[in-house]
Amino acid sequence: PAANPPAPPATAVSAPAPLAAAPVPAATPAPAPAPAKAPEPQTIVNNKTIIREKTIVVQAPEPPPVVIAPPSPFGGTVVAAPAPVYVEAAPPPSFTDVAVQVGAAMAVKAVADAVMPSPEKVMQDQIRKDERELDKQSEQIRQLQSQLAELKK
């Protein structure tokens, strides 16, 4: 049989015994298993060559749980299809929104043309410059012809 514990000495003060048992804490999940330890590196001596082998052990994560669809009461295989996704359409843009977007697009195009004009724009500018030059030269020719006509008189 079990022996009774020895009585405390006369000078010791004992705490009063609790009246009710302490509540039992809720069940806690089991702690995660400790990772596997890597074995100690081995040293192999082979004809004056030292080879140290190191083994690294990596513990793989647990695979996700497998979900199996219940059997169909109609027989055959049940194929799980993704649920349809409903997306609410955005409201149409207002007139102000459209006007602001057009203005912004025109401003961006103007800046882009100023920085790096397109080849067509460069060609049109060159044609206009040549036409202005031809107009100036034809005006000079007319003036010289009129001066020549005055001198011949």
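**Salt bridges and surface charge in the predicted model**

A salt bridge joins Asp 125 to Arg 128, with 3.3 Å between the closest N and O atoms. The model in which this pair occurs is a predicted one. Because Asp 125 and Arg 128 stand 3 residues apart in helix α2, about one helical turn separates them. Both partners are partly exposed: the relative accessible area of Asp 125 is 35%, and Arg 128 has a relative accessibility of 42%. These values fall in the partly exposed class because that class lies between the limits of 20% for buried and 50% for exposed residues.

Helix α2 also holds the pair formed by Glu 139 and Arg 142. Their side chains make a salt bridge in which the closest N and O atoms are 2.9 Å apart. Here too the spacing along the chain is 3 residues, about one turn of the helix. Glu 139 has a relative accessible area of 38% and is therefore classed as partly exposed.

A further salt bridge lies in helix α1, which comprises residues 95-115. In this case Asp 113 meets Lys 109, at an N to O distance of 3.0 Å. The two residues are 4 positions apart, again about one turn of the helix. Asp 113, with a relative accessibility of 28%, counts as partly exposed. A search of the whole structure gives a total of 3 salt bridges. In general, side chains of opposite charge can pair when their charged atoms come close.

Acidic residues also occur in a surface patch. Asp 130, Glu 131, Glu 133 and Asp 135 gather there in a patch of negative charge. Membership of such a patch requires a relative accessible area over 30% and no salt bridge. Asp 130 has a relative accessibility of 38% and is thus partly exposed; this residue belongs to helix α2, which spans residues 119-152.

The overall architecture of the chain can be stated briefly. The secondary structure consists of 2 helices and 2 strands, and the order of elements from the N terminus is β-β-α-α. Of the 153 residues in the chain, 0% are buried. The exposed area of the chain is about 15700 Å², and 65% of this area is supplied by carbon and sulfur atoms.

Conventions
Residues are numbered from 1 along each chain as its sequence is written. This is a predicted model: local features need pLDDT of at least 70, side-chain atom pairs count only at pLDDT 80 or more; totals for chains, interfaces and linings use all residues. Side-chain values use heavy atoms; hydrogens and water are left out. Patches are made of residues with over 30% relative accessible area and no salt bridge: like charges are joined within 9 Å, nonpolar side chains (Val, Leu, Ile, Met, Phe, Trp, Tyr) within 5 Å. Accessible areas come from the Shrake-Rupley method with a 1.4 Å probe; for residues, only the protein chains shown count as cover. A salt bridge is a side-chain nitrogen of Lys or Arg within 4 Å of a carboxyl oxygen of Asp or Glu. Lys and Arg count as positive and Asp and Glu as negative; His and the chain ends are not counted. The place of a charge is taken as NZ of Lys, CZ of Arg, CG of Asp or CD of Glu. Buried means under 20% relative accessible area, exposed over 50%, partly exposed in between (1.4 Å probe, protein chains only).
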